[in-house]
Amino acid sequence: MAPTLKSLLNDNNILTRTLAKWTDKFFKFLSSGRSGLILTIPLCTEQTSMEELSATLDYLLSIPSEKCKARGFTVIVDGRKSQWNIVKTVVLMLQNVIPAEVSLVCVVKPDEFWDKKVTHFCFWKEKDRLGFEVILVSANKLTRYIEPCQLTDEFGGSLVYDHLDWLNKRLVFEKFTKESTSLLDELTVINENEKGSQADKDRSSESNIMPSFDPETVLQTGHELLSELQQRRFNGSEGGGGGTAWSPMDDELLAQPQVMKLLDSLREQYTKYQEVCRQRSKRSQLEEIQTKVMQVVNWLEGPGTEQLRTQWGIGDSIRASQALQQKHEEIESQHSEWFAVYVELNQQIAALLSAGDEEDLMELKGLQQQLSDVCYRQASQLEFRQNVLQSAHEFHMTAQDLSQQLDGLLGMLCADVAPADGAAIQQTLKHLEEKLKSVEGALQSLREKGQVLLDQMSTQTSFSYGKDVSIENKDNIDHIHNVMEDMQLRKQRCEDMVDVRRLKMLQMVQLFKCEEDALQAVEWLGELLDALLKTHIRLGDDSQETKVLLEKHKKFVDVAQSTYDYGRQLLQATVVLCQSLRCTTRSSGDTLPRLNRLWKQFTVTSDERQHRLEMASAFHTAAEKILRESPELAELMVDVEAYEEVETVGKELKEQFFGSPGDMAPSAESIRERMKLVEEKRFLQEEAEQRLDEEALETGPRES
């Protein structure tokens, strides 16, 4: 019996090491016209195990059908990396492994060939006993015996072969065959047992056995394998060329019908198995449903109803309402367990009803209706009770929160106001307004929650089924009204005190705001001065850019002027507010000198910047006028004074505003580059004038 591919891979990885390549094609040899299968045996420099090779060949020979094997084999023994004695042993071994099927053995010899006499003698002597022809051939001449399209690229052929892909596909095929066969047997046994158990009305333990493999997974594997095999066949038939017919590998031809047959059988048994599982589930669910429905109904109509009858009050404080809520939560917790059972039962009944089985339809509908009526009735009573208790708790919580807010607001109003700065005053005023607004919101919320609670109590009925019983709620209603009236009076008193406090705090806010804004104006002016000194240093690369910088500078100065004027106005307002509040200012004494000092520094620096930009504009204007003139036209020669103006202004800019010549700031570099261009233009003009003078001298003697 031939080994499986998985066992060979587990035993020393024989196939990967031996690398026997198998193709199933119809070959026509160029020399003799033979046809059959080709088997390639590559030998390596390491010691080749004949046992491993024999096992590998046994496995490969078990793949094709007897009809395919009857066409014969052509064996290629690649001995380029092996020794002669190993090659000889492999050739002799073929007689035992492939007895009558071998028609030709091609031994691919290395570049440095073995002893020709020895090899020729050995093959000649064994020819009659072997029963097949053995030839020695170089790799590049193998195409004389086998068509190139049937050889891989290592023998000069064009056949594409991926050994690892073949191994993976073969492993998938064998795994699918094993699992599907085992699964078919198991499913058949399960289905037969189920038929017997239904006839005897007795479900034995054997009828509940489960298959060892997941049928869905096995079916998916089979479909993917079949799709791969069919796709290969389609691609091969479309992609063949060169006049040689292409057919898929023999093992794939054999695998396709086998896989299809297994899939068909497996689908048939799996369909029956699914029906068996459905019937099992249906019988089990129906019995469980009947038992659980009666359990739920009996508890809800008995202990559950009695628990609700004993709960009436709503409490007169937070603590009392919390105690009632805690008790109700305990009741709900007990009910929730039964409601969870109801939800599960309802889903199970709906699933069975959707299956459409007539035999259990009426019974299921009756159970579902009875269960729903009891559960919905009990749930509505629980919800109503929970809503009343929740409204009462929210009312008491809101009343307590409002009372605490009124106490806090009153404490703020009775305390003296001693803010540290304008921000503290603003924060205090904001906090006071927020407190009052929060009190108003809390009072409105209290009214709303109280009205909701009153409405609920006015419609509260008995929890006993079938009759209404009036409940005495006068004390609770009076308590709710008294609480809301008391909170309204306290809130009105606090509002009157807030109005008085607000007037004084607004004046203090204005005072500190003026002081803070004045300091901010000083900071802004300082930032403008700092920006003027550090960032306003560019003079522009041309006259147009310099004009733009001049315009920006004027706007920048206007902003600084506005900032200075704004600061002085704020300081004047501060003095007026201090006189009104009869207090002393904290910052105006030293703020005004700082403001004036910064403004003076800014005006000086701004004038210097203005002068620098005007000089740069004059420099670029003169330089551009010179550079626009053509040095080749004598009539357009630039006046010498223009060159001197550019040179004078440029040197002054470099020496006065850019420091030493080694300072390579961008603006200084731009001036230097422009002066360099002007010098070059001046040099060209001087050359042009010199040529004109020379031409005039030459013309004079000729005329004389």
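This is a short talk about helix packing, cysteines and one glutamine in a predicted model.

Trainee: Why are α11 and α13 called roughly parallel to each other?

Mentor: Helix α11 covers residues 361-414 and helix α13 covers residues 474-534. They pack at an angle of about 25 degrees. Angles under 35 degrees count as roughly parallel, and therefore α11 and α13 get that label.

Trainee: What else describes the packing of two helices?

Mentor: The distance between the axes is given along with the angle. For α11 and α13, the axes are 10 Å apart. The crossing of α11 past α13 is left-handed.

Trainee: Which residues of α11 and α13 meet?

Mentor: From α11, they include F395, L402 and L406. Among those in α13 are I480, V483 and M487. The residues of this contact divide into 16 nonpolar, 3 polar and 4 charged.

Trainee: How do you know that C106 is buried, and what is C149?

Mentor: Buried means under 20% relative accessible area. C106 has 0%, so C106 is buried. C149 has 26%, which lies between the cut-offs of 20% and 50%. C149 therefore counts as partly exposed.

Trainee: How many disulfides are there?

Mentor: The count is 0. A disulfide needs a pair of cysteine sulfur atoms within 2.5 Å.

Trainee: What makes Q269 buried?

Mentor: The relative accessible area of Q269 is 13%. The cut-off is under 20%, so Q269 is buried.

Trainee: Where is Q269, and which residues is Q269 in contact with?

Mentor: Q269 sits in helix α9, residues 250-309. Leaving aside neighbours within four places in sequence, Q269 is in contact with L184, L187, T188 and N191.

Methods
Residues numbered from 1 in each chain as written. Predicted model: local features only at pLDDT ≥ 70, side-chain atom pairs only at ≥ 80, totals over all residues. Heavy atoms only, no water. Axes fitted to C-alpha atoms, helices over the stretch in contact; angles between N-to-C directions. Helix = DSSP H or I, 4+ residues; strand = E, 2+ residues; numbered from the N terminus. Parallel < 35°, antiparallel > 145°, perpendicular 65-115°, else oblique. Left-handed = near helix turned anticlockwise from the far one by under 90°. Contact = heavy atoms within 4.5 Å. Nonpolar A, V, L, I, M, F, W, Y, C, P; charged D, E, K, R; others polar. Buried < 20%, exposed > 50% of the residue type's maximum accessible area, 1.4 Å probe, protein only.
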